[in-house]
Amino acid sequence: SDTANMALAFIAKNIAPLVGACLGEAYLARSFGKLVEPTMLQVPKLYGGVVLVNAVGTSFLLIYLSTKVGQARAKFIEKAKKDGDADAEARYAYPKMFAEGFSDTARQFNCIQRGHQHALETYPSFIVLSLVGGLRFPVVTMLGGLVWMIARVKWAQGYATGNPSERYSSPWGKHIWTSIFVQVITATASAAGLLGLF
């Protein structure tokens, strides 16, 4: 009896809202058929460029940034050992993402790591927006991808100085945001086009 009650409670809590949502969508389809009718989605040939630049090219960029972190780990373990840090291996080795402590070497390593980590944090939205935006605006989307890659390298190089404010020292640094905004615009316009708004 308790099992049956738990099953009913689960269905009421989880399944019933989904059924309700499906019934609601079916009602909207009958009432506003034009909004849910299939569209003929044609992918432009230049979309291949979006895949090459914004998906493949940026993946290689992330690999490049990760190699910088790996090199920094080895470099700062050795430097910390030379400086007499008995915990150098534990401080910089995997699985630690960031080095603990307030030494100059820990700060410098953390800045290099942060250059890579920040790219990873913004990458999911960048790539999804690129793949959607490129459906209707492949050239603008690709250009935004090229800007993102250049800006990411310059931003990470500035951060790697050990002074976080240097991440914007290159005029390219701020364009990590410009390039993401480009992807937001192209994805929004692509979605609006699919909805038949223009």
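**Helix α1, the largest pocket and the nonpolar core**

Helix α3 contributes 7 residues to the lining of the largest pocket, the most of any contributor. The model is predicted. In it, the lining draws at least two residues from each of three helices: α3 (47-82), α5 (104-133) and α6 (138-159). The lining comprises 15 residues. Nearest the centre of the pocket lie K68, I112, A156, Q157 and A160. By class, 8 of the lining residues are nonpolar, 5 are polar and 2 are charged. The volume of this pocket is about 240 Å³.

The largest nonpolar core has 18 residues. Seven of them touch the most other members: L61, L62, L65, Y123, F126, W148 and M149. At least two residues of this core come from each of α3, α5 and α6. Its largest share, 7 residues, is supplied by α3. Helix α3 thus gives the most to the pocket lining and the largest share to the core. Helices α5 and α6 also serve both, with at least two residues each in the lining and at least two each in the core.

Helix α1 was examined for its length and its course. It spans residues 2-31, a run of 30 residues. From first C-alpha to last, α1 reaches 42 Å. The expected value, at 1.5 Å a residue, is 44 Å, and the two are close. Helix α1 nevertheless carries a kink of about 40°. The kink lies at I15, shortly before the proline P17.

Key
Residues are numbered from 1 along each chain as its sequence is written. This is a predicted model: local features need pLDDT of at least 70, side-chain atom pairs count only at pLDDT 80 or more; totals for chains, interfaces and linings use all residues. Side-chain values use heavy atoms; hydrogens and water are left out. Helices (H or I, at least four residues) and strands (E, at least two) are DSSP runs, numbered from the N terminus. The expected span of a helix is 1.5 Å times one less than its number of residues. The bend at a residue is the angle between axes fitted to the seven residues ending there and the seven starting there. On a 1 Å grid over the protein atoms alone, a cavity is a set of points where a 1.4 Å probe fits but cannot get out, and a pocket is an open set with protein on both sides within 12 Å along at least five of seven lines; lining residues have an atom within 4 Å of a point. Grid points are joined across faces, edges and corners, and a volume is the space filled by probe spheres set on the points. Ala, Val, Leu, Ile, Met, Phe, Trp, Tyr, Cys and Pro count as nonpolar, Asp, Glu, Lys and Arg as charged, and the others, Gly among them, as polar. A nonpolar core is a set of buried Ala, Val, Leu, Ile, Met, Phe, Trp, Tyr and Cys residues joined through side-chain atoms within 4.5 Å. Buried means under 20% relative accessible area, exposed over 50%, partly exposed in between (1.4 Å probe, protein chains only).
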